[in-house]
Amino acid sequence: MTKDEYQELYYKYQDMCDNELDSNLKDLYSKRYMDGNIDVFTEHRIASRVRLERNRTGESLMFHMKEFQIKK
């Protein structure tokens, strides 16, 4: 897959609404893991990346920094 093809798929999923993205992720998951189709590996990875970027809040990092302790 070329860089342009990757970006085209990324922007395709980036432009989707949440419901449509979730529906496509379910289909890709089913094809990848249930059917064993390795041809959708990259597309599933890109769609998952978009979903994670939308849901990321950064709270877990803040929690860990609050609990960070230096032991001497």
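This report describes helix 2, the aromatic pairs and the salt bridges of a predicted model.

**Helix 2**

Helix 2 comprises 17 residues and spans 23 Å from its first C-alpha to its last, close to the 24 Å expected at 1.5 Å a residue. Leu21, Leu25, Leu28 and Arg32 are its buried residues named here. They cover an arc of only 70° around the axis, which places them on the same side of helix 2. Asn19, Lys26 and Met34, on the other side of helix 2, are exposed. An α-helix has 3.6 residues a turn, so residues three or four places apart point the same way.

**Aromatic pairs and a nonpolar patch**

Two aromatic pairs are present in the structure. The rings of Tyr10 and Tyr11 have centres 5.5 Å apart and planes at 65°; the pair is edge-to-face because planes over 60 degrees apart count as such. Tyr10 is buried, at 14% relative accessible area, whereas Tyr11 is partly exposed, at 48%. In the pair Tyr29 and Tyr33, the ring centres lie 4.9 Å apart with the planes at 45°, so the pair is tilted. Both residues belong to helix 2, four residues apart, about one turn of the helix. Tyr29 is partly exposed, with a relative accessibility of 41%, and Tyr33 is likewise partly exposed, at 45%. Together with Met34, Tyr29 and Tyr33 make a nonpolar surface patch of about 360 Å².

**Salt bridges**

The count of salt bridges comes to five. Three of them are listed below, including the closest N to O distance in each.

| Acidic residue | Basic residue | N to O distance |
|---|---|---|
| Glu43 | Lys12 | 3.8 Å |
| Asp18 | Arg54 | 2.6 Å |
| Asp22 | Arg51 | 2.8 Å |

In the bridge between Glu43 and Lys12, Glu43 lies in helix 3 (residues 41-55) and Lys12 in helix 1 (residues 3-14), so the pair ties together parts that are 31 residues apart in sequence. Glu43 is partly exposed at 22% relative accessibility, as is Lys12 at 41%.

Asp18 bridges to Arg54, and this pair links helix 2 with helix 3 across 36 residues of sequence. Asp18 is partly exposed, with a relative accessible area of 40%, and Arg54 is partly exposed, with 27%.

Asp22 and Arg51 also form a salt bridge; Asp22 lies in helix 2 and Arg51 in helix 3, so this pair ties together parts 29 residues apart in sequence. Asp22 is partly exposed at 29% relative accessibility, while Arg51 counts as buried at 14%. Salt bridges that share partners join Asp18, Asp22, Arg51 and Arg54 into one network.

How values were computed
Residues numbered from 1 in each chain as written. Predicted model: local features only at pLDDT ≥ 70, side-chain atom pairs only at ≥ 80, totals over all residues. Heavy atoms only, no water. Patch = residues over 30% accessible without salt bridge, like charges linked within 9 Å, V, L, I, M, F, W, Y side chains within 5 Å. Areas by Shrake-Rupley, 256 points an atom, 1.4 Å probe, with all protein chains shown as cover. Salt bridge = Lys/Arg side-chain N within 4 Å of Asp/Glu carboxyl O. Phe/Tyr/Trp six-rings, centres within 6.5 Å; stacked < 30°, edge-to-face > 60°. Buried < 20%, exposed > 50% of the residue type's maximum accessible area, 1.4 Å probe, protein only. Helix = DSSP H or I, 4+ residues; strand = E, 2+ residues; numbered from the N terminus. Expected span 1.5 Å × (residues − 1). Arc of directions from axis to C-beta.
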